[in-house]
Amino acid sequence: MLQAVPFARTLGFEFVDAAPDGDGGVRTVVRLPDSPATHNHVGGPHAGAIFTLGETASGAVVLAAFAHLLDRAVPLAVRADIAYKRLAIGAVSATARLGRPVAEVAAELAAGTRPEFPVLVEIATEDGETTAEMTVIWTLRPQR
């Protein structure tokens with residue numbers, strides 16, 4: 001991921017885990033270490049850094065889930081929605097989960113459509129307190 005998306009290196013993201021999740025799903029965990037360079041005016045991670053963390057974790061899910069299709073399709077984020085729930089202080093992690101089974105999305109692509117699918121992201125402090133929730137809608141654009 002750090003090779004494919006150099007911007008992820010800019011904020012110092014750490015890729016913690018990528019694993020199967022549930023019935024045909026995928027889960028990833030990406031961490032933003034605590035750093036004064038990413039702090040906002042109240043001493044926690046800036047909202048933009050948190051958003052980028054969540055979007056990056058969602059992209060990691062997409063790459064993990066659909067790596068076998070990247071010769072036929074380009075993954076693109078379509079839209080995103082984030083709800084900041086409480087102030088985050090210290091390091092935060094984003095846990096992203098694919099919102100639809102891989103096989104279902106792949107079948108739509110094979111049928112000639114441009115599938116859209118959600119990736120659900122929970123952003124939490126190291127003690128497990130949820131500080132933000134995010135949904136990123138992705139598509140697989142067929143290669144021409």
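Helix α3 is followed by Gly112, a residue whose phi is positive, near 95 degrees. The structure described here is a predicted model, and this report proceeds from helix α3 to the chain as a whole, then to selected buried residues, salt bridges and the surface.

**Helix α3**

Helix α3 covers residues 102-110, and its buried residues are Val102, Val105, Ala106 and Leu109. Viewed down the axis of α3, these buried residues fall within an arc of 100 degrees, so they line one face of the helix. The partners of that face are numerous: the buried residues of α3 pack against α2 and against the strands β2, β3 (73-84), β4 (92-98), β5 (116-125) and β6 (130-142).

**The chain as a whole**

Three helices and six strands make up the secondary structure of the chain. Their order along the sequence follows the pattern α-β-β-α-β-β-α-β-β. The radius of gyration is 15 Å, close to the 15 Å that the globule rule gives for 144 residues, so the chain is as compact as a globular protein of that length. The C-alpha trace spans about 50 × 30 × 25 Å along its principal axes.

Contacts within the chain can be described by sequence separation. Of the contacts with a separation of 6 or more, 67% are accounted for by residues 24 or more positions apart. Buried residues make up 40% of the 144 residues. The chain exposes about 7,300 Å², and carbon and sulfur atoms supply 53% of that area.

**Two buried polar residues**

Ser58 is located in helix α2. With a relative accessibility of 0%, Ser58 counts as buried, because the cut-off for that class is under 20%. Setting aside residues up to four places away in sequence, Ser58 touches Ala96, Val119, Val121, Val136 and Trp138.

Thr131 has its place in strand β6. Thr131 is likewise buried, at a relative accessible area of 2%. Again leaving out residues up to four places away in sequence, the residues that Thr131 touches are Ala83, Tyr84, Lys85, Arg86, Leu87, Ala88, Ile123, Ala124 and Thr125.

**Salt bridges**

Side chains of opposite charge can pair when their charged atoms come close. In this chain the count comes to ten salt bridges. Three of the pairs are set out below.

| Salt bridge | Closest N and O atoms |
|---|---|
| Arg27 and Asp17 | 2.8 Å |
| Glu126 and Arg31 | 2.6 Å |
| Arg100 and Glu108 | 2.3 Å |

The salt bridge of Arg27 with Asp17 links distant parts of the chain, with Arg27 in strand β2 and Asp17 in strand β1 (residues 14-21), ten residues apart. Arg27 is buried, with a relative accessible area of 18%, whereas Asp17 is partly exposed at 30%.

The salt bridge of Glu126 with Arg31 also links distant parts of the chain: Glu126 lies in the loop between β5 and β6, Arg31 lies in strand β2, and the two are 95 residues apart. Glu126 counts as exposed, at 56% relative accessibility. Both residues also belong to a network of salt bridges that links Glu14, Arg31 and Glu126.

In the pair formed by the side chains of Arg100 and Glu108, Arg100 is buried, with a relative accessible area of 15%. Its partner Glu108 is partly exposed, with a relative accessible area of 28%.

**A nonpolar surface patch**

Val42, Leu87 and Ile89 make a nonpolar patch of about 270 Å² on the surface. Of these residues, Val42 lies in the loop between β2 (25-32) and α2 (47-66). Val42 is partly exposed, with a relative accessible area of 45%; patches are made of residues with over 30% relative accessible area, so Val42 meets that requirement. Leu87, another member of the patch, is also among the residues that Thr131 touches.

Key:
Residues numbered from 1 in each chain as written. Predicted model: local features only at pLDDT ≥ 70, side-chain atom pairs only at ≥ 80, totals over all residues. Heavy atoms only, no water. Patch = residues over 30% accessible without salt bridge, like charges linked within 9 Å, V, L, I, M, F, W, Y side chains within 5 Å. Areas by Shrake-Rupley, 256 points an atom, 1.4 Å probe, with all protein chains shown as cover. Salt bridge = Lys/Arg side-chain N within 4 Å of Asp/Glu carboxyl O. Helix = DSSP H or I, 4+ residues; strand = E, 2+ residues; numbered from the N terminus. Buried < 20%, exposed > 50% of the residue type's maximum accessible area, 1.4 Å probe, protein only. Rg over C-alpha atoms; globule rule 2.2 N^0.38 Å. Contact = heavy atoms within 4.5 Å. Arc of directions from axis to C-beta.
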